[in-house]
Structure formats: structure tokens, C-alpha cells
Amino acid sequence: MTSAAEPPKTDPTGSILHVAVPAPLFSCFDYLIPAEIFQQDLTPGCRVRIPFGRRKAIGIIVGRSQHSEIAKNRLKPIDALLDSEPVLSREILSLLQWAASYYLHPVGEVMQSALPVLLRQGKAAEPKNIIVWRVADGTTMDDIQTLQRAPKQQQLLQRLLAQDTALDEEQLNALQLNWRGAMKALLEKKLVTRAEKPCLTVAPIDSIQGPSLNDEQQQAVDAIAKDLHRHQIHLVHGVTGSGKTEIYLRLSEAVIADDKQVLILVPEISLTPQLTERFRQRFKQPVAVLHSGLNDQQRLCGWHSASTDHAKLIIGTRSTIFTNIPKLGLIIIDEEHDGSYKQQEGFRYNARDLALVRAHKENIPVVLGSATPSLESLRNVTQDRYHIHKLYKRARSNVATRIKLIDMCSQPMKEGLSAALLDNIDQHLKKGNQVLLFLNRRGYSPLLMCHECGWTTSCKRCDAHMTFHKHKQQLHCHHCGAETASPKQCGDCSSNELLAIGAGTERIEQFLNERFPDVFVNRIDRDTTRKKGALEEKIQHAHGGEACILVGTQMLAKGHDFPNVTLVGVLDTDQALFSADFRASEHLAQLITQVSGRAGRAEKPGEVLIQTHQPNHPLLQTLLHEGYEKFAEAALEEREQAGLPPHKHLAMLRCAAIKTEAGHAFMNEARNLIQPDNTVDIFGPVPAPMEKRAGRYRTQIMLQSAERKSLHQCLRQWLPQLAQLKSAKQVRWSIDVDPYDTY
Ligand code: ADP
Ligand code: ZN
Ligand code: ZN
């Protein structure tokens, strides 16, 4: 037994372990190695359990050496080594270290964000098998009769008998029966059997042969396939429906045939089921899927299948870029322009940019795909850094979509819909076609207003109104998440006359239900798709092709292929035309181009109607008459004049404080700490465009430079000084390198 006075027995060679700990610290921590394990492989990337302050934490080994800047008698030994194989490969460790340094984020937190939750908690890296239940051989409908006195068991058995395949926990939960007790009883009666299977298996599916490629596709595939063995960035710029996914499939085929793995990044969860299905059908292979809609076990399963090379195809949203993929041969980034690739809080990385870094480090190619490439990527093409492959033709239709503006000025309007648009909806529905209406605002109305005195439902914690959700009879703040029951009376004068001002998707849906009583109105937004499986169900319905009106937010604008939609209506463009955000016009152009691509995908010609009060706006005019590329050229020129990305590089220091004075104190001190440098311009501190949010007052300082290197040099000097400021303790602050917006 060791007494308290005796130091613990540690590595006789005296080596020190450097560990990244999950804490807001910019350097690693040093630990001693217990004597029992000093001869084991303490490989970088393995997890260790460590004492950290008064708690225990899970850290990642980043190195081992003889040196520590801390006196050895002040170091503690680690508690345990958790892995025999690294959970973060050498490549990933190197990527993460690069990212921590580039985004100036604490390295331990960066490493945490790369791991599935269960691994962060110190659980085993092997995923559990999945337990499945099915009816036993010989169990028949007759057995149901014997369960007269146990209605729950009866119900469950009936459901199981109706299934051809075994059901897992999740599928059973979806039946909405309280099934566990009943299942146990059925097992005891030997009416059902229970089995375990590996977490990732291929369900039997009919494989589907791909179409033969058209000339444009073939050219792109040939050009990229020639280059599969080295690092090169390819941009596939193809109009919606031009068959980009088909190109991804062909290239993946070549990479897998070479015994390598393919990583496909998608911006949104809602895009994964369709895409995943296409890959599964084509390859008859397990596809590892990773996104935040999965439970912890499923995520671990996807992660493990990728890191053991069990899955050749890995599809996921932004954090999937940090997955170990030992034989990575190609990265595909679908909808590369999409803002979801940038994480907007905590570790503020951009997965698209990190994918390029990773591909460069691993000497493999990247394929970026989009119908509306980001201005960044288009500029890289003009500078010959990316190879571009253009697809002008739609794969399954030759008809061009007609885009027209509806001038809303002095038009009669109903709930945000002009008479002209309603007429058109009528005509398209009469032909048995589908209509898609797009409005980036959920809820019933963006605010309630008192008809007597003008009082409005504003959020107490934000400079914003609270959105009225009629069905729930609630007000929600879409900025801070606050929810309250909706008021029956004015908060000022107690009048009962509260008006719903403006229209969101819920209101449009209700109105359309009244206006077109025989037509199904399929609303797709975050509110109607919260339940698991709801989105799939709604999309499935739309695919059925029956005449209907789809109403939705940007969830609908992305990637979905609805062949029967012949009319797309964009209900509100004016808000984006007047936004203070420097990317707003780029987003609007992308959105209009993307939603236009939803119309007339099959043999039927499509039509797009855009409602605006600004029909002569140069952006809309360029886009309509000259197309996205010309728009992008003009927008890039504007950015150059304004010194904005991609011409110059930005970083933001953001501060959020409960007391305004605390915020000012910190930001002023921060401002004074910046070393004057004539290559970096500094703006601020100024209040954020939405100054108060979630009860905090927000200010920002923007740094702008034509040279990345000087910008980073400046930030690196600045950051440690900021952390030292006393005033920093009173506020929340963060640095955002390459911010997505300046909000
Ligand atoms: P994108 O990814 O550019 O939107 P997709 O790859 O999804 O386009 O293709 C759109 C539709 O056209 C899909 O239904 C796809 O199966 C079909 N398609 C793609 N390429 C071809 C082709 N060469 N011949 C026939 N159909 C094709
Ligand atoms: Zn709020
Ligand atoms: Zn009032």
C-alpha cells in the first residue's frame, strides 16, 4: 500500500505524457506514466483517463518526451490508458492540430469534437451489437388467440407477425407500444426469438444499374478519374439535375475498385437518406452514415465501420470530416456552397475548407459539387487552383425553366401571396402537377401587434420579435429559443385585438388549405419534421407525385428531387435584398437558382415565379437575364471593392456580456492590445447588428487583411493577451476565423 507521503510509482525512464484535455486551454497538459504501463504502447491518439483539477477527464495522448516545463514533482500520473489502438489516427491528429492552430481554438476541445459522444465519455471503441426480435419459427396467427388475457402481448405479436424481418429497438419504439414487458413475456413463451447482429449490416436490396453517362458527365468523369492518385481539387459546376450525383457514383466506383474508401460530405441531415439510398443501391455495400440525428450507438457504429475499413463509403454532415478513414482515397463535398459546413459556435471550423486541408495532407483528390458554387470556389477556378467541369444540360429533360418576376407593388395580396401567383398555382394544380412554395420563415406570423396601441410581441432577451405559432398557441423566439404561451391580450393596454402581422409557413399552409380545399398541402419545415421519420414520410409523399402544394423553408430548397413539381414560387426576396450581411446577395442568388432547379425536372416544363417589390434590382436582373455565373462575377467584383472575402480575409472577435459596461470594458482593452500593423485593418468595437441576444449585449471587432499570414500572426499575438485580461472573466468572447457572417 502506498502511504500519502510516498510518491506514486511512475515510469522509471522518467518520460512524460503530453495530453490534450477537454478544457478551454491552448496548450496540452503533462502527466506522469504509472510504472505498470510505461512499457505499453502509449501511442498518440489513444485516450487516457486523467485527474484534472478536482475531476476526472478523458484526454488524448498527443506525445511523449523527457521534458516538461512543469517540475516533475508537481505532475500527476494518468489513471488509465483506455485504448490499445489510437481512436484518432496520425492523419486525424495532424488535421486537428492544424485546425486548432488555424481557428485558434483550444486543442483539447478540438479533439473532443472529433470523437463520437460515447468515446468522449470513455466508453469502449467497439460498438455494441444490435439486438433484434422476430417471431419464432412455427408461431402463427393461432397463437394470438392464446393471448386473450394479455392484450399487450397480443398486440405486439400481431405486429411482429406482420413483419418479414426482425425488428430492432428503434423500430419497436416506432410502433408506439409499450413493448418491453410484453416482449419479455413472449420470449418466455418461446413465441419470439431474440438475436444479435453487428451494428452495420447490409439489408438485402435490389441493386440498381446506373444510366449510361451523357457527354458532359463522361467528360467530367474521365478528366477526374485520370487524376485519382494525387491531390487535385475539382469543381463540378452543374445545373440542378444535371447528374452530378451520377458523377460521384462513378468516381466512387473507381476508388472502391482500387480498395480505397470514399468520404461524401453533405450539408444537411435531410439530404442523407436519399443520397445514402442511392449509394447503397448502386454498390450493395454497407454505407457508414454520420450525422447529429443519430443516437450515440448509431454514431459510434458509423464511426467504427469507417475507421476499421468495414465501410468503404462514408456519408455524413460536417463533423464527419474528422472521422478516421484509414484508406481514404477521395473526398466528395456535395453542395459545397452551403453555409452548414461552417460551425457557428464553439469550435468554429469550416468542414469544406478542412476537407481541402485533409486531402492535401493525404495527397488525395477532392470533388466539390454545386449548381451554385461559392464565390470562393469560383475565384479559385479563375486562379487555376481548382479544375472546373461544367454540366449545362439537365440529365433527364431538355426544357429550360422559365423564371419570371412578379412585381408585388400595389398587387392585391392574400397572406403574402399575390393574385398572379395564386392564379398560376391554380393552373398548375389543374393539370395534376405539384407546386412548391418557398418561404424562409416558419411559424404563423413573425409577430403579434396590438390593434389599439401598437404593442408588439418582442423577446425580453433579444432585439427581436417573438414568432407566433398558432397551432401551439405559443410565441417562440427563433434567436434564443424562448417559448411562452401566446397572449390573449395586449401587454400594454389589455386590448383583445391582437393582429398577426406577416406570414410564415404555418399561415401560408392554413390559407392554402382554405383556398384549395381538395389539394393536399404538404408543409416541410423544422416544426413539422421534428418527429423522427416525419421528414422521410413527407418527402416520400411528395415523391408519390400526386397533385399537391409543397410549402417549406430552405429545407426544401436543398437537393430533393421532386419530378412532378412544375411551378416554384419564391414568396419573399425583399428581406434578403436589404440584409446587412455581406453574403446575403450570394445566398439569395443561390437560393433562387437552387429552387428554380426544383421545377420541371422530368419531362414537364417548369416555371418559377419570384415575388418582389424590387423587380428592377440589379441582382435580380443579372441573375434572371444572364445567369448565376454572371451574377457571381459581378458579386466578386463588389467584394473586391469592399475588401471582403474571398479577396481579403476576415476574423472577428465577438463579445457577449450581460452588462453593457462589462462588454465595453473588455472590447476596448482588447482593441488597445492589437499591435499596429499596416497589413491588417481593424474595425470596431461596434455593436453587433442584433445587439441584444439571449440576454447578452454583443459587440464585435473585425480584423481584415489581404494576407492570411499577417492576419494569423496578429491573432496569435493577440489571443493569449486577451485570455489574460481581467475584464475577460466578465464576458463571453470568441474568435471566429473566416466568419460566415458578420452578425
Ligand atoms: P444532380 O446531383 O446534379 O442534381 P442527379 O445525379 O441527381 O443530379 O440526376 C438527376 C436525375 O437524372 C436523377 O434521377 C438521375 O438518376 C438522372 N440521371 C443522371 N444522369 C443520367 C443519365 N446520364 N441518363 C439518364 N438519367 C440520368
Ligand atoms: Zn429571444
Ligand atoms: Zn395595446
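Does Tyr349 count as buried or exposed, and at what relative accessibility? Let's work through that and a few more exercises. The model is predicted, so local features need pLDDT of at least 70 and side-chain atom pairs count only at pLDDT 80 or more, while totals for chains, interfaces and linings use all residues. Residues are numbered from 1 along each chain as its sequence is written, chains are lettered from A and ligands numbered from 1 in the order in which they are written, and side-chain values use heavy atoms, with hydrogens and water left out.

**Exercise 1. Place Tyr349 and its aromatic neighbours.**

Step 1: start with the cut-offs. Buried means under 20% relative accessible area, exposed means over 50%, and partly exposed is in between (1.4 Å probe, protein chains only). Tyr349 has 2% relative accessibility, so it counts as buried. Phe347 is at 4%, so it is buried as well.

Step 2: look at the rings. Rings of Phe, Tyr and Trp (its six-membered ring) pair if their centres lie within 6.5 Å; planes under 30 degrees apart are stacked, over 60 edge-to-face, and the rest tilted. The count comes to 12 aromatic pairs. One of them joins Tyr103 and Phe347, edge-to-face, with 6.2 Å centre to centre and 75 degrees between the planes.

Step 3: see what that pair connects. Helices (H or I, at least four residues) and strands (E, at least two) are DSSP runs, numbered from the N terminus. Tyr103 sits in the loop between helix 1 (90–102) and helix 2 (107–113), and Phe347 in the loop between strand 13 (328–334) and helix 12 (351–362), so the pair ties together parts that are 244 residues apart in sequence.

Step 4: go back to Tyr349. Its ring centre is 4.8 Å from that of Phe347 and the planes are at 40 degrees, so this pair is tilted. Both residues belong to one aromatic cluster with Trp98, Tyr102, Tyr103 and Phe322.

**Exercise 2. Find out how the buried residues of helix 10 are arranged.**

Step 1: check the span. The expected value is 1.5 Å times one less than the number of residues. For the 12 residues of helix 10 (residues 272–283) that gives 16 Å, and the end C-alpha atoms are 16 Å apart, which agrees.

Step 2: list the buried residues. They are Thr272, Leu275, Thr276, Phe279, Arg282 and Phe283. Seen down the axis, they fall within an arc of 135 degrees, so they line one face of the helix. The arc is that of the directions from the helix axis to the C-beta atoms.

Step 3: find their partners, with contact meaning heavy atoms within 4.5 Å. The buried residues of helix 10 pack against helix 9 (244–257), strand 10 (261–265), strand 11 (287–290) and strand 12 (313–316).

**Exercise 3. Describe the surroundings of Gln434.**

Step 1: Gln434 is in strand 19 (residues 434–438). At 0% relative accessibility, Gln434 counts as buried.

Step 2: look for polar contacts, which are pairs of N or O atoms within 3.5 Å; within protein, one must be able to donate a hydrogen and the other to accept it, and residues adjacent in sequence count only if both atoms are side-chain atoms. A polar atom of the Gln434 side chain lies 2.9 Å from the backbone oxygen of Ala542. The backbone oxygen of Glu546 is 3.0 Å from a polar atom of that side chain.
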